Amino acid sequence: MSEGTGRTSTAPGPGAPRPEAPARRPAPRAAVPTAKGAPEEPVLDLTDVTVVRDGRPLLDEVSWAVGADERWVVLGPNGAGKTTLLQVASGRMHPTRGRAEVLGEELGLVDVFELRPRIGLASAALAERVPAAEKVVDVVLTASYGMVGRWREEYEGPDHERARELLVTLGVGGLEQRTYGTLSEGERKRVQIARALMSDPELVLLDEPAAGLDLGGREDLVRRLAALVADRAAPALVLVTHHVEEIPPGVTHALLLRAGRVVGQGPVDQVLTAEALGEAFGLRLQVERAGGRWSARSAIA
Ligand SMILES: Nc1ncnc2c1ncn2[C@@H]1O[C@H](COP(=O)(O)OP(=O)(O)O)[C@@H](O)[C@H]1O
Ligand SMILES: [Mg+2]
(Lines give C-alpha, C1' and ligand atoms only; values in the text may rest on other atoms or scores of the structure.)
(Ligands and ions follow the chains in the order given, each with its own letter.)
Protein backbone atom coordinates (compact mmCIF):
# COMPACT_ATOMS: atom_id res chain seq x y z
CA MET A 1 0.00 0.00 0.00
CA SER A 2 2.66 2.50 0.95
CA GLU A 3 5.66 3.51 -1.09
CA GLY A 4 8.57 1.12 -0.71
CA THR A 5 12.15 2.07 -0.08
CA GLY A 6 14.31 2.84 -3.07
CA ARG A 7 15.59 -0.67 -2.97
CA THR A 8 12.21 -2.16 -3.68
CA SER A 9 10.25 0.54 -5.47
CA THR A 10 12.76 1.00 -8.25
CA ALA A 11 13.48 -2.65 -8.79
CA PRO A 12 11.72 -3.66 -11.99
CA GLY A 13 9.28 -6.42 -11.16
CA PRO A 14 8.95 -9.42 -13.42
CA GLY A 15 6.90 -8.62 -16.47
CA ALA A 16 6.52 -5.04 -15.32
CA PRO A 17 9.15 -3.01 -17.09
CA ARG A 18 9.93 0.24 -15.34
CA PRO A 19 11.71 3.08 -17.01
CA GLU A 20 15.22 3.78 -15.68
CA ALA A 21 13.88 7.00 -14.33
CA PRO A 22 10.19 7.76 -14.17
CA ALA A 23 8.84 10.04 -16.83
CA ARG A 24 9.37 13.64 -15.84
CA ARG A 25 8.13 16.62 -17.67
CA PRO A 26 11.01 18.06 -19.67
CA ALA A 27 10.89 21.70 -18.72
CA PRO A 28 9.79 23.59 -15.62
CA ARG A 29 6.06 23.97 -15.67
CA ALA A 30 4.49 27.18 -16.74
CA ALA A 31 0.90 28.05 -16.06
CA VAL A 32 -1.03 27.06 -19.15
CA PRO A 33 -3.69 29.59 -20.00
CA THR A 34 -6.84 27.90 -21.17
CA ALA A 35 -9.26 29.26 -23.67
CA LYS A 36 -12.12 31.09 -22.02
CA GLY A 37 -15.01 28.75 -21.41
CA ALA A 38 -12.82 25.65 -21.83
CA PRO A 39 -12.22 24.41 -18.30
CA GLU A 40 -9.01 22.48 -17.73
CA GLU A 41 -9.36 18.85 -16.78
CA PRO A 42 -9.40 18.45 -13.00
CA VAL A 43 -6.20 17.14 -11.43
CA LEU A 44 -8.30 15.08 -9.03
CA ASP A 45 -11.72 13.71 -9.79
CA LEU A 46 -13.27 11.37 -7.26
CA THR A 47 -16.75 9.96 -7.72
CA ASP A 48 -18.46 8.17 -4.83
CA VAL A 49 -15.14 6.93 -3.47
CA THR A 50 -15.55 4.52 -0.60
CA VAL A 51 -12.64 2.87 1.21
CA VAL A 52 -13.55 -0.01 3.51
CA ARG A 53 -11.16 -1.55 6.03
CA ASP A 54 -12.17 -4.16 8.59
CA GLY A 55 -15.75 -3.83 7.38
CA ARG A 56 -15.82 -0.11 8.20
CA PRO A 57 -15.87 2.75 5.69
CA LEU A 58 -12.90 5.07 6.24
CA LEU A 59 -14.18 7.13 3.33
CA ASP A 60 -17.86 7.02 2.52
CA GLU A 61 -19.02 8.02 -0.97
CA VAL A 62 -16.66 10.96 -1.35
CA SER A 63 -17.11 12.95 -4.56
CA TRP A 64 -14.57 15.71 -5.03
CA ALA A 65 -12.91 17.50 -7.93
CA VAL A 66 -9.80 19.67 -7.72
CA GLY A 67 -8.97 22.02 -10.60
CA ALA A 68 -5.42 22.68 -11.74
CA ASP A 69 -5.42 26.26 -10.46
CA GLU A 70 -7.12 25.53 -7.14
CA ARG A 71 -5.62 25.46 -3.66
CA TRP A 72 -7.62 23.35 -1.24
CA VAL A 73 -7.62 22.83 2.47
CA VAL A 74 -9.09 19.59 3.84
CA LEU A 75 -10.30 19.94 7.41
CA GLY A 76 -11.74 17.46 9.86
CA PRO A 77 -11.13 15.98 13.29
CA ASN A 78 -8.69 13.16 14.00
CA GLY A 79 -9.87 9.98 12.35
CA ALA A 80 -12.12 11.77 9.83
CA GLY A 81 -10.35 10.11 6.89
CA LYS A 82 -8.10 12.98 5.75
CA THR A 83 -4.95 10.89 5.44
CA THR A 84 -6.91 8.10 3.75
CA LEU A 85 -8.20 10.65 1.25
CA LEU A 86 -4.63 11.75 0.46
CA GLN A 87 -3.60 8.12 0.13
CA VAL A 88 -6.17 7.77 -2.63
CA ALA A 89 -5.27 11.14 -4.16
CA SER A 90 -1.61 10.14 -4.34
CA GLY A 91 -2.31 6.76 -5.92
CA ARG A 92 -1.20 4.86 -2.83
CA MET A 93 -4.60 3.41 -2.03
CA HIS A 94 -7.38 2.32 -4.34
CA PRO A 95 -11.06 2.87 -3.61
CA THR A 96 -13.01 -0.18 -2.51
CA ARG A 97 -15.90 1.28 -4.51
CA GLY A 98 -16.25 4.31 -6.71
CA ARG A 99 -13.92 5.88 -9.17
CA ALA A 100 -10.78 7.94 -8.63
CA GLU A 101 -9.10 9.83 -11.44
CA VAL A 102 -5.74 11.34 -10.61
CA LEU A 103 -4.10 13.62 -13.20
CA GLY A 104 -6.45 12.24 -15.80
CA GLU A 105 -5.59 8.60 -15.03
CA GLU A 106 -8.03 6.22 -13.43
CA LEU A 107 -6.65 4.37 -10.41
CA GLY A 108 -6.66 0.69 -11.12
CA LEU A 109 -5.94 1.22 -14.81
CA VAL A 110 -2.68 3.15 -14.51
CA ASP A 111 0.84 2.18 -13.47
CA VAL A 112 1.08 4.02 -10.14
CA PHE A 113 4.87 4.02 -10.37
CA GLU A 114 4.55 6.35 -13.33
CA LEU A 115 1.88 8.44 -11.64
CA ARG A 116 3.65 9.00 -8.32
CA PRO A 117 6.50 11.26 -9.50
CA ARG A 118 3.83 13.58 -10.92
CA ILE A 119 2.46 14.08 -7.40
CA GLY A 120 4.36 15.68 -4.55
CA LEU A 121 3.42 14.28 -1.16
CA ALA A 122 4.56 15.26 2.31
CA SER A 123 3.19 13.20 5.18
CA ALA A 124 4.24 11.97 8.59
CA ALA A 125 4.24 8.39 7.32
CA LEU A 126 6.69 9.27 4.55
CA ALA A 127 8.84 11.39 6.88
CA GLU A 128 9.17 8.52 9.35
CA ARG A 129 10.81 6.43 6.68
CA VAL A 130 13.60 8.90 5.96
CA PRO A 131 16.78 7.40 7.42
CA ALA A 132 18.27 9.64 10.15
CA ALA A 133 21.68 9.39 8.50
CA GLU A 134 20.40 10.63 5.12
CA LYS A 135 21.91 13.90 3.94
CA VAL A 136 19.32 16.66 3.68
CA VAL A 137 20.03 17.34 0.02
CA ASP A 138 19.52 13.65 -0.72
CA VAL A 139 16.17 13.60 1.10
CA VAL A 140 15.02 16.11 -1.50
CA LEU A 141 16.83 14.61 -4.49
CA THR A 142 15.48 11.10 -4.07
CA ALA A 143 11.92 12.41 -4.61
CA SER A 144 12.68 12.56 -8.34
CA TYR A 145 12.61 8.80 -8.26
CA GLY A 146 9.59 8.42 -5.99
CA MET A 147 11.66 6.80 -3.28
CA VAL A 148 13.08 7.33 0.16
CA GLY A 149 16.72 6.55 0.91
CA ARG A 150 19.49 7.16 -1.56
CA TRP A 151 20.86 4.05 -3.10
CA ARG A 152 22.87 3.85 -6.27
CA GLU A 153 21.23 6.36 -8.56
CA GLU A 154 23.17 9.00 -10.36
CA TYR A 155 21.79 12.51 -10.18
CA GLU A 156 22.46 15.04 -12.86
CA GLY A 157 23.66 18.55 -12.15
CA PRO A 158 20.29 20.24 -12.77
CA ASP A 159 18.58 17.95 -10.27
CA HIS A 160 21.14 18.86 -7.66
CA GLU A 161 20.70 22.51 -8.43
CA ARG A 162 16.92 22.27 -8.17
CA ALA A 163 17.14 20.50 -4.80
CA ARG A 164 19.43 23.25 -3.51
CA GLU A 165 17.16 26.00 -4.81
CA LEU A 166 14.11 24.43 -3.18
CA LEU A 167 15.93 24.18 0.15
CA VAL A 168 16.84 27.87 -0.11
CA THR A 169 13.23 28.77 -0.99
CA LEU A 170 12.00 26.90 2.06
CA GLY A 171 14.56 28.68 4.24
CA VAL A 172 16.78 25.68 4.95
CA GLY A 173 19.46 26.36 2.35
CA GLY A 174 22.29 26.17 4.86
CA LEU A 175 21.40 22.65 5.93
CA GLU A 176 21.87 20.63 2.77
CA GLN A 177 24.94 18.75 3.99
CA ARG A 178 23.48 18.01 7.43
CA THR A 179 21.93 14.66 8.19
CA TYR A 180 18.15 14.55 8.47
CA GLY A 181 18.32 13.13 11.99
CA THR A 182 20.03 16.26 13.30
CA LEU A 183 17.27 18.65 12.15
CA SER A 184 14.65 20.27 14.34
CA GLU A 185 11.00 19.40 13.68
CA GLY A 186 10.46 22.72 11.91
CA GLU A 187 13.49 22.19 9.68
CA ARG A 188 12.30 18.67 8.87
CA LYS A 189 8.89 19.92 7.80
CA ARG A 190 10.47 22.40 5.42
CA VAL A 191 12.75 19.74 3.96
CA GLN A 192 9.71 17.50 3.45
CA ILE A 193 7.94 20.24 1.50
CA ALA A 194 11.05 20.86 -0.61
CA ARG A 195 11.04 17.13 -1.29
CA ALA A 196 7.37 17.22 -2.28
CA LEU A 197 8.14 19.94 -4.84
CA MET A 198 11.29 18.30 -6.22
CA SER A 199 9.81 16.36 -9.13
CA ASP A 200 8.06 19.49 -10.43
CA PRO A 201 4.75 17.80 -9.66
CA GLU A 202 1.37 18.67 -11.13
CA LEU A 203 -0.31 18.14 -7.78
CA VAL A 204 1.07 18.73 -4.28
CA LEU A 205 -0.46 17.01 -1.25
CA LEU A 206 0.62 18.14 2.21
CA ASP A 207 -0.70 16.11 5.14
CA GLU A 208 -0.60 18.21 8.31
CA PRO A 209 2.58 20.08 7.41
CA ALA A 210 2.44 22.22 10.58
CA ALA A 211 1.82 19.38 13.04
CA GLY A 212 4.27 19.45 15.94
CA LEU A 213 5.61 22.94 15.22
CA ASP A 214 5.90 25.63 17.83
CA LEU A 215 4.18 28.98 17.24
CA GLY A 216 7.16 30.54 15.45
CA GLY A 217 7.63 27.46 13.31
CA ARG A 218 3.96 27.37 12.40
CA GLU A 219 3.87 31.04 11.47
CA ASP A 220 7.01 30.70 9.36
CA LEU A 221 5.54 27.69 7.58
CA VAL A 222 2.18 29.38 6.97
CA ARG A 223 4.03 32.33 5.42
CA ARG A 224 5.99 30.04 3.10
CA LEU A 225 2.88 28.09 2.17
CA ALA A 226 1.09 31.36 1.43
CA ALA A 227 3.87 32.22 -1.04
CA LEU A 228 3.46 28.82 -2.69
CA VAL A 229 -0.31 29.20 -2.80
CA ALA A 230 0.02 32.65 -4.40
CA ASP A 231 2.43 31.45 -7.09
CA ARG A 232 0.29 31.06 -10.19
CA ALA A 233 2.86 28.79 -11.80
CA ALA A 234 2.78 26.47 -8.78
CA PRO A 235 0.90 23.19 -9.05
CA ALA A 236 -2.55 22.46 -7.64
CA LEU A 237 -2.28 22.05 -3.89
CA VAL A 238 -4.19 20.17 -1.22
CA LEU A 239 -3.33 20.88 2.37
CA VAL A 240 -4.69 18.74 5.18
CA THR A 241 -5.01 20.08 8.68
CA HIS A 242 -7.28 20.03 11.70
CA HIS A 243 -6.53 23.60 12.71
CA VAL A 244 -8.02 26.54 10.79
CA GLU A 245 -5.13 28.65 12.15
CA GLU A 246 -2.84 26.72 9.80
CA ILE A 247 -4.69 27.70 6.63
CA PRO A 248 -2.42 29.95 4.57
CA PRO A 249 -3.95 33.09 3.08
CA GLY A 250 -4.84 32.52 -0.57
CA VAL A 251 -6.37 29.06 -0.19
CA THR A 252 -9.33 28.99 -2.58
CA HIS A 253 -11.41 25.96 -1.56
CA ALA A 254 -12.19 23.84 1.46
CA LEU A 255 -13.42 20.31 2.01
CA LEU A 256 -14.83 19.31 5.40
CA LEU A 257 -14.76 15.68 6.46
CA ARG A 258 -16.40 13.94 9.37
CA ALA A 259 -16.30 10.18 9.88
CA GLY A 260 -15.34 9.60 6.24
CA ARG A 261 -18.13 11.70 4.82
CA VAL A 262 -18.02 15.09 3.17
CA VAL A 263 -19.97 17.62 5.24
CA GLY A 264 -19.08 20.59 3.07
CA GLN A 265 -16.99 21.58 0.09
CA GLY A 266 -16.56 24.56 -2.18
CA PRO A 267 -15.09 28.07 -2.12
CA VAL A 268 -13.36 28.63 1.21
CA ASP A 269 -15.48 31.66 2.20
CA GLN A 270 -18.69 29.74 1.72
CA VAL A 271 -17.57 26.55 3.41
CA LEU A 272 -15.69 27.71 6.49
CA THR A 273 -18.69 28.90 8.44
CA ALA A 274 -19.12 28.35 12.17
CA GLU A 275 -22.03 26.02 11.40
CA ALA A 276 -20.22 23.83 8.88
CA LEU A 277 -16.98 23.66 10.87
CA GLY A 278 -19.02 22.97 13.98
CA GLU A 279 -20.70 20.08 12.23
CA ALA A 280 -17.37 18.67 11.04
CA PHE A 281 -15.79 18.84 14.50
CA GLY A 282 -18.93 18.09 16.49
CA LEU A 283 -18.70 21.32 18.47
CA ARG A 284 -20.39 24.67 18.67
CA LEU A 285 -17.77 27.01 17.31
CA GLN A 286 -17.00 30.65 16.86
CA VAL A 287 -15.03 31.21 13.68
CA GLU A 288 -13.28 34.41 12.71
CA ARG A 289 -11.34 35.59 9.74
CA ALA A 290 -8.90 38.49 9.91
CA GLY A 291 -6.04 39.46 7.64
CA GLY A 292 -6.57 36.40 5.48
CA ARG A 293 -6.17 34.09 8.49
CA TRP A 294 -8.76 32.01 10.27
CA SER A 295 -9.28 31.23 13.91
CA ALA A 296 -11.78 29.05 15.73
CA ARG A 297 -12.72 28.39 19.33
CA SER A 298 -15.62 26.75 21.04
CA ALA A 299 -18.63 28.98 21.43
CA ILE A 300 -19.41 29.95 24.98
CA ALA A 301 -22.96 28.98 25.75
N1 LIG B 1 -5.31 0.49 7.05
C2 LIG B 1 -6.29 0.75 7.92
N3 LIG B 1 -7.04 -0.26 8.41
C4 LIG B 1 -8.04 -0.02 9.28
N5 LIG B 1 -8.36 1.21 9.73
C6 LIG B 1 -7.63 2.26 9.28
C7 LIG B 1 -6.56 2.08 8.35
N8 LIG B 1 -6.03 3.30 8.08
C9 LIG B 1 -6.74 4.18 8.81
N10 LIG B 1 -7.69 3.57 9.53
C11 LIG B 1 -8.70 4.21 10.40
O12 LIG B 1 -9.46 5.04 9.56
C13 LIG B 1 -9.87 6.22 10.22
C14 LIG B 1 -9.43 7.40 9.41
O15 LIG B 1 -8.03 7.49 9.46
P16 LIG B 1 -7.21 8.66 8.80
O17 LIG B 1 -7.52 8.71 7.35
O18 LIG B 1 -5.80 8.47 9.18
O19 LIG B 1 -7.85 9.93 9.52
P20 LIG B 1 -7.26 11.41 9.73
O21 LIG B 1 -6.07 11.57 8.85
O22 LIG B 1 -8.40 12.30 9.35
O23 LIG B 1 -6.94 11.53 11.19
C24 LIG B 1 -9.25 6.14 11.60
O25 LIG B 1 -10.24 5.69 12.48
C26 LIG B 1 -8.15 5.11 11.46
O27 LIG B 1 -7.92 4.43 12.65
MG1 LIG C 1 -4.13 12.08 9.26
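Which residue in E5 does Val102 stand opposite? The residue is Glu105. This model is predicted, and that pair is a good place to enter it.

Start with the two strands involved. Strand E4 covers residues 97-102. E4 pairs with E5 in the antiparallel sense, over 2 bridges. One of the partnerships joins Val102 to Glu105. Glu101 has Glu106 in E5 as its bridge partner. Between the two strands lie 2 residues, and the whole forms a hairpin. Look at Leu103 in the turn: its phi is positive, about 50 degrees.

Now cross to the other neighbour of E4. Strand E1, residues 44-53, pairs with E4 over 5 bridges, again in the antiparallel sense. Here Leu44 has Val102 in E4 as its bridge partner. Val102 thus appears twice: it partners Leu44 and stands opposite Glu105 in E5.

Step back to the sheet. It is open and has 4 strands, in the order E2-E1-E4-E5, with antiparallel pairing. The edges are strand E2 (56-66) and strand E5 (105-106); each has a single partner strand, so one side of each lacks a neighbour in the sheet. In a regular strand, side chains alternate between the two faces of the sheet.

Next, turn to ligand 1. The residues around ligand 1 include Arg53, Asp54 and Leu58. Gly76 also belongs to this surrounding group, as do Asn78, Gly79, Ala80, Gly81, Lys82, Thr83 and Thr84. By character, the shell divides into 2 nonpolar, 6 polar and 3 charged residues. Helix H2, residues 82-89, gives the largest share of the shell, with 3 residues.

Finally, follow helix H8, which runs over residues 215-230. Its 16 residues, at 1.5 Å a residue, should span 22 Å. The end C-alpha atoms are 22 Å apart, so the helix agrees with that expectation. Which residues of H8 are buried? They are Leu221, Val222, Leu225, Leu228 and Val229. Seen down the axis of H8, these buried residues fall within an arc of 120 degrees, so they line one face of the helix. The spacing has a simple background. An α-helix has 3.6 residues a turn, so residues three or four places apart point the same way.

Each side of H8 has its own surroundings. Strand E3 (71-75), helix H7 (185-197) and strand E8 (236-241) are among what covers the buried residues. On the other side of H8, Gly216, Arg223 and Ala230 are exposed.

Technical notes: Residues numbered from 1 in each chain as written. Chains lettered and ligands numbered in written order. Predicted model: local features only at pLDDT ≥ 70, side-chain atom pairs only at ≥ 80, totals over all residues. Near = placed C-beta within 6 Å. Nonpolar A, V, L, I, M, F, W, Y, C, P; charged D, E, K, R; others polar. Pairing = 2+ DSSP bridges. Expected span 1.5 Å × (residues − 1). Buried ≥ 20, exposed ≤ 12 C-beta atoms within 10 Å, placed from the backbone. Arc of directions from axis to C-beta. Contact = placed C-beta atoms within 7 Å.
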